[in-house]
Every structure is written in C-alpha cells, then in structure tokens.
Amino acid sequence: MSRYISISIVFGLLLITSCKEKKTEPLPEQSKETTIEQPPKKVLSPHTSAMATIGNAHIHIDYSSPEVRDRMIFGGLLAYDQVWQAGAHMATWIETDTDLEIDGKELKAGKYGFFTIPSKEEWTIILNSNWNQHGKDEYDEKDDVIRFKVTPIIADSLKEHLEYSIHKISDTEGDITLAWEKVKVVIPFKVK
C-alpha cells in the first residue's frame, strides 16, 4: 500500500507542477521601423501626346514613348515586316475633328489606331478603326481605314525617346513626324 501512496504522491506532484501557472516574460516592445522613402521608379515608356491646330483641324496623337536604352530598335527589338503599335503599351492613336486627306485618301474626322510595319527600305503606315487596344493584340487588317507606304529617313543623331510631332506647313497642310533611334518617318496630310 505504501507503494501506491508513493506513486500517488509522485503523480500528484507532477500534476501540480504541470498545472502551475507559467510565468511569462513580457514581449519586448515592438520597435518602430523607420521607412526610408524610395525615389519613384523611372517610367521607362512615359505616356505623352502631341497636338496641333492646322486651319480648322485639331489633331491629337496619344502614345507611350519608349527609350532606346542602348538597344538596336528597328530590325532588332522591333522585327522588320511585322505590325507595330507605333509606341509602347496601349496602341498609339490619332484623333482629328476635321476630315483629312492622307496619301490621296480621305480620313474622316474620328479616332484611329496608328500602326506601322517598319522595314529597311519603306514603312507601311496604317490607320485602323480599332483605336483602343493593348499593343497590337487585337489588331486586325480588316479594320484598316487607310494603309500607305513612306520612305524612312535615316538621321545622323540618335533620338532616345520615341517622339511624335505635328508640323503646320500652311492653313491647309501639315505633316506628322515619328522619330526614334536614328529613324524618322514623315506623313504629309491636307485639311479638307
């Protein structure tokens, strides 16, 4: 019997010590992290636009402007003889509030996707009815409104950012220029 009492006492002591309230140390106070403000990341292809009024026509070009960044652009990053959205990200678009004549063809007032097919000797310029698309993902030739060819001009100096400009020649004539890397393309137009 004394053996059972000894086992009971040992068991009871174990039970008491295991049930004893554990004393816990307070958690160390959370240190307040210092936030170091990082400068905003450089946008590699900033969104921009070109606008002009020629005669009674207001013309607006909206595009994202990628950089060359030591890359070969035409015939490298952009393969020759492939449709290009003529900018970065969303397709470049052009809007006119007055009818224009481009390459002897009528372009009705409206908004158009602006695409090109660059090649070494000539570029195909495309104005497409689907102006709101990501890149050339939804490009479909059947939606082309005007398609014509121009000869690229090779410049001596490098144009780091893709740039569009609209130049007034007279109250009824102007041109749109696309310049990037060492290539420039000029698109003459008339205001109707």
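Mentor: In this predicted model, a strand is a DSSP run of E of at least two residues, and strands are numbered from the N terminus.

Trainee: In which strand is F115 found?

Mentor: The strand that covers residues 110-117 takes in F115. That strand is β6.

Trainee: Is F115 buried or exposed?

Mentor: A residue counts as buried when its relative accessible area is under 20%, and as exposed when that area is over 50%. For F115 the relative accessible area is 0%, so this residue is buried.

Trainee: What distance separates the C-alpha atoms of F115 and W84?

Mentor: Along the chain, F115 and W84 lie 31 residues apart. In space, their C-alpha atoms are separated by 5.7 Å.

Trainee: Which strands stand at the edges of the sheet that has the order β1-β2-β3-β6-β7-β8?

Mentor: This open sheet has 6 strands with antiparallel pairing. A strand at an edge has a single partner strand, so one side of it is left without a neighbour in the sheet, and this applies to β1 (47-54) and β8 (144-150). The twist from one strand to the next averages 20°. The edge strands are therefore β1 and β8.

Trainee: Which residue in β2 is the bridge partner of T53?

Mentor: Strand β2 covers residues 57-64 and runs antiparallel to β1, to which 8 bridges join it. The bridge partner of T53 in β2 is H58.

Trainee: Does D144 count as buried or exposed?

Mentor: D144 is found in strand β8, which stands at an edge of its sheet. Its relative accessibility is 19%, and since the limit for a buried residue is under 20%, D144 counts as buried.

Trainee: With which side chain does the side chain of D144 make a polar contact of 2.8 Å?

Mentor: Leaving aside neighbours within four places in sequence, D144 is in contact with I126, L127, N128 and Y139. The side chain of Y139 makes a polar contact of 2.9 Å with that of D144. The polar contact of 2.8 Å joins the side chain of D144 to that of N128.

Trainee: What is the average twist in the open sheet of 4 strands?

Mentor: That sheet has the order β5-β4-β10-β9, with antiparallel pairing. At its edges stand β5 (105-107) and β9 (153-168), each with a single partner strand. From one strand to the next, the twist averages 40°.

Trainee: Which residue in β5 stands opposite E101?

Mentor: Strand β4, residues 100-102, runs antiparallel to β5, and 3 bridges join the two. Opposite E101, in β5, stands E106.

How values were computed
Residues are numbered from 1 along each chain as its sequence is written. This is a predicted model: local features need pLDDT of at least 70, side-chain atom pairs count only at pLDDT 80 or more; totals for chains, interfaces and linings use all residues. Side-chain values use heavy atoms; hydrogens and water are left out. Two strands pair if DSSP finds at least two bridges between them. Axes are lines fitted to C-alpha atoms, for helices over the stretch in contact, and angles run from 0 to 180 degrees between N-to-C directions. Buried means under 20% relative accessible area, exposed over 50%, partly exposed in between (1.4 Å probe, protein chains only). A polar contact is a pair of N or O atoms within 3.5 Å; within protein, one must be able to donate a hydrogen and the other to accept it, and residues adjacent in sequence count only if both atoms are side-chain atoms. Contact means heavy atoms within 4.5 Å.
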